Amino acid sequence: MNQYNYVVSAQKPTAVSFSVKGNFLSPNEQCLIVSKGSRIEVFRFDGEKLKLVVEFGIWGRVASLKLYHTTNRPTAELFVLTEQSNYCILSYDDILQQVVTECSGQLAEIGAKAYDDGSVVDVDDSGRIVCTSIYLGMIRFLQLNTGVWGENMQPIAGRSSSKGKEVIGKRISTEVGISVNMRFQETNIISCCFLPSMSLPTLAILYQDAHEDRHVTSYVVNVRTNSKAAGIIPSTNVEPGANLLIAAPPPYNGLIVVGEQSIMYLQPMNPPITIYMDATVMKAHEVIDASRILLGDYLGRLYLLILLVENQHVKDIHLEKLGEISAPTSLSYLGDGVLFVGSAYGDSQLAQLNTDKNDEGDYVTILDEMTNLGPITDFALVDIEKQGQAQVITCSGAGSDGSLRIIRNGVGVHIQASLEIVGVKNVLSLRPAYNSNIEDKLVISFIEQTRVLRQIEDELHEIEHYSGFCLTRTTLATTNTVDNHVVQITDQSVRLFEISDNGNLLDELSAEENARITIATTNARRCAFSTGEGTLNLLEYKAGKLERSGSTKLANEIACIHINQFPLAFDDDVIVVGYWTTMRTQLLSARDLSVIASVDLGGDIIPRSILLTEFEKELFLLVALGDGQLFNFQVDPLTLQLSNQKKVSIGTQPVTLNTFSAGGATHVFAASDRPTVIHSSNHKILYSDVNLKDMSNITAFRNPSFENCIAFTTSSGVMIGQIDQVQKLHINKIPLGEMARRICYQESTRTFAIITTKMETSLPDSSKDSSIKILDDQSFEILDTLTLESFEVGESIASCSFDGGASDFYIVGTATVVPGDEDVRKGRILVLQVSPERKLILRHTRSIDGSPYCIQPMDNKLVVAVNGTIGIYEWINHGLSNVCCHRSNTIVVDMAVNGNQIVVADLMRSISKLVYDKNSRTIRELAIDQNSNWMASLSLVDDNIVIGAEVGYNLFTLAQIPNNTMDDTDQFEVIGEWHLGEYVNRFRKGSLVMNHSDTTTTSSSTLFGTINGVLGVMHNLTADQYLLFSQVESNIIHIVGSIGHFDHSKWRNFRGDRRVAPHRGFIDGDLIESFLDLNRSQMQQVVDGDMGGQRLNCSLEQLFRIIEEFSRLH
């Protein structure tokens, strides 16, 4: 029973909820701070790009961020409030380069009713007081005190850093002084803010009364006496759509009220100023200076609000549209006309605000974008190329920011330059001197010629003549020699010449008459080559001469050959060869060409590339076959005997092996139809897929213009690219301009089908246009579009066959949404087929009474969830016919089918399992969960285990328990509960990582996508793994602590509307893998169980290897 799960983020949150700017890192520079779910990131801005300085997670979902300054601290402090009503104040220690928790606390009120739309927080401009509006009719005020630490003054909750729990004493720190909870007659507070430059804190409040009218008022607040009095802004009626208050910048001390159709400016002793605008909802604002405020609406339109001043008084206000941006959740002005646009619905952006209009008639130019996957409404997990490497295609974004994102795990090659040259057979490189650590020449070999390109400053120039280099023959091999010469091996001869441009040819040895050199290899001391028929010749480079040092005739034709490129513990160089007919590999001594070791590879596929290399000071032999299979052997450094044979598949076509260096370590690049980087970590060979295809040869090409680059050949020529040092997710964007809600893949037609929705921009009568699109699975070009009827919205989609796979259909469920009617009473099931011309053909339509929220295929039939009814349909006489129905749900939000079993997630009634009886053609209830969970999605782990995600950001695991009573319905027992902190929209079985290696960690995986853009992974755990990781979690917390002093156990406890339960059955993989970022001393403390933990029953090395293996699973 797979009841334990390891949960980790393959992609951490990307949706920006808040952003602030200020002098957080140092007194003399502004930085940008953004929050994404439960993570906070701090950036420096260099005038062009944002550079990440520090990022950290907190154990809570961020509900508000406020950056403020105090008079006795040179840097700003960050106030963080979580959705669980915990708060903390953070600062940055520039000396220790770490985030410091100044203090923390809890603002929860037992029995109080929280606002549905979240909390409102503000800090007055002097940093004296924080207000938090969390509960109806109440505002909590926190007075901020500053002082100097001493022996008798300890901070509330202690003071800790992001790197541990060490106390830093005798410096300025912040404490929360008086904390009072004031009640207000304005029960439903919409927005509030402090007015600036006031002698006493003055709070303006926007609220809604019992008649749903909205008003503004203000209060002077005195937290020392727990009292309030009327403020300078009198009570004023405002429009019903007003939702935002903005304090006008000094010296005007007015108040701006932003509504859906108007903007009002309120100021003491003067009548209000009101302007009207087209209906919209403003979602973010930012004050530029005393007279300019930026506003961003829900559609991604950016406006500038200008205060027109006369005689130090605001006489009028003016609103001007600047341009289009992502739909914002936050705006932060970074200076010099640069604006950060934080978005939860599209990519966050850096935008340049111009004084003149551009070609599109806007004042906005997008400088850079920060990828955001959220909200992920659906995703497909598909191995399109059938090579074991799946990729995720997400439906991401909302509104006009909607897109598809193609996500693939692997090593990235970032193209720096390309040479469009036809017919390239190989690419090699040369250094300016033997002991140089850069390459300045590219040698490009063709069938009958060779070209040499030299790096001159930032450009590559072709050399018409280079020393003794032969440019009229194909080049098989070339390198720098220890005598600072250059050797070139062509199909006709071996040439040794001086390294200078006008150098002389020192020596040449030609192949025998009527013979050609067919294969060759060289290092800095000698070369080996064959002229066919099993001949092997060996030459040494001595004092500018080529000296024959050996020759032999082998029993078989040589298919591949390699000579070691680094010194060996063995007493001479070693030549490794693979043969055409015997499927054998041999190691030969360069001293006398005797056989040192031999191994039969078996099978009938010949070796095509062979390499002797070193990983982490251990010697390995790699042999690549013509079908993409790769053997690796450990090689004894003294005897060169082979052992520990392993075999993996890294492609389907012949593989070429070459070495390169990354991060000071040797890596091997296996170029084929599925390029792979082979490296070693913790003495285990790892295989990382590369994000590019069509790579056949590579060579190192590193110089100041191409730092840490490689050159490689493709079908179109030669490219130079920089290669990542680590494997990571690579994300490509397919903009749609509308929201993609559902996606489905159909292998037989090589297409994706998506359901999209386009929002019309008029308010309040906004409408949605929905359509079905099919896209090519390679280019993602839209092949055809079917537009749905008015008020019809696509809800679900599946690929289904009714005849055992002979013909495939797309099944789409639609709902007719009538404005003003909360219930969906009509819908359709559309049966679509892709024609040979790759167009959509509507084969059948069936009307239904409700919304088909879920559709799944089941054994040549169709399972459809219409509102709360599960129906089974079959294909008869070219139409859908209902077989049976079962109603026991409110609204079905997700559904999984396993054989004849149907697992249902209900909006309000948790999870149930149904079974379809083929004989009686009926559905009956098999198992139910008695708990009342508001569901979001589910994942079927196996026949008995189900994982559910509910709307309170929790995960839970259910196990089916046989019922021994007369009732034939089994029960689901809760065997795991955990607070994820993310809203999961979809689960999919599978993995992003290809299991090349011989890892001991074997686990089935499930991916999930969330509203905040998290792409998460769940792995099944054994009981022993769960017990180990549970203790590791506890020990890490004891050693490292937490930013904000928030409690990890409370954060992970299951929290529903009606109950709170201790977390169990799940492991926090992000916390576990933070072990890999600790220094060795901290790692040993975790293993030893220091500072209140428990000693682990494994060594540091064993734990490191276990956690590292799990980290490679995503």
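Q: How do you know that helix α5, in this predicted model, has the span expected of its twelve residues?
A: Helix α5 runs over residues 1100–1111 and reaches 16 Å from its first C-alpha to its last. At 1.5 Å a residue, 16 Å is expected, and the helix comes close to that. Its buried residues are L1100, L1103, I1107, E1108, E1109, F1110 and S1111.

Q: What makes the span of α1 agree with its 18 residues?
A: At 1.5 Å a residue, α1 should span 26 Å. Its end C-alpha atoms are 26 Å apart, so the two agree.

Q: Which residues of α1 are buried, and what follows the helix?
A: The buried residues are Y1026, F1029, Q1031, V1032, E1033, N1035, I1036, I1039 and V1040. G1041 follows α1, and its phi is positive, near 75 degrees.

Q: Which helix gives the most to the largest nonpolar core, and which residues touch the most other members?
A: The core has 60 residues, and F24, I33, L78 and V80 touch the most other members. Helix α1 (residues 1023–1040) gives the most to this core, with six residues. A second, separate core has 21 residues, including F566, V574, I596 and V599.

Q: What does I33 touch, leaving out residues up to four places away in sequence?
A: I33 touches F18, S19, V20, F24, I40, E41, V42, L65, L67 and L78.

Q: Why is the pair D378 and R988 called a salt bridge?
A: The cut-off is a side-chain nitrogen of Lys or Arg within 4 Å of a carboxyl oxygen of Asp or Glu. The closest N and O atoms of D378 and R988 are 2.9 Å apart, so the pair qualifies. D378 sits in strand β32 (residues 378–382) and R988 in strand β84 (residues 984–989). They are 610 residues apart, and the pair links distant parts of the chain.

Q: Is D378 called buried or exposed, and why?
A: Buried means under 20% relative accessible area. D378 has 2%, so it counts as buried. R988 has 27%, so it is partly exposed.

Q: What makes D491 and R516 a tie between separate parts of the sequence?
A: Their side chains meet in a salt bridge, 2.3 Å from N to O. D491 lies in the loop between β41 (485–490) and β42 (493–498). R516 lies in the loop between β43 (505–510) and β44 (519–522). The pair therefore ties together parts that are 25 residues apart in sequence. D491 is buried, at a relative accessible area of 4%, whereas R516 is partly exposed, at 47%.

Q: Why do D1088 and R1095 get separate exposure labels?
A: Exposed means over 50%, and partly exposed lies between 20% and that value. R1095 has a relative accessible area of 54%, so it is exposed. D1088 has 25%, so it counts as partly exposed. The two form a salt bridge, with closest N and O atoms 2.4 Å apart.

Q: What makes R525, R526, E540, K542 and D573 one network?
A: Salt bridges that share partners join them. A search of the whole structure finds 47 salt bridges.

Q: How do you know that W934 can belong to a surface patch?
A: A patch residue needs over 30% relative accessible area. W934 has 35%, so it passes that cut-off. W934 forms a nonpolar patch with M908 and V951, and together they have about 230 Å² of accessible area. W934 lies in the loop between β79 (922–928) and β80 (935–940).

How values were computed: Residues numbered from 1 in each chain as written. Predicted model: local features only at pLDDT ≥ 70, side-chain atom pairs only at ≥ 80, totals over all residues. Heavy atoms only, no water. Patch = residues over 30% accessible without salt bridge, like charges linked within 9 Å, V, L, I, M, F, W, Y side chains within 5 Å. Areas by Shrake-Rupley, 256 points an atom, 1.4 Å probe, with all protein chains shown as cover. Helix = DSSP H or I, 4+ residues; strand = E, 2+ residues; numbered from the N terminus. Buried < 20%, exposed > 50% of the residue type's maximum accessible area, 1.4 Å probe, protein only. Expected span 1.5 Å × (residues − 1). Core = buried A, V, L, I, M, F, W, Y, C linked by side-chain atoms within 4.5 Å. Contact = heavy atoms within 4.5 Å.
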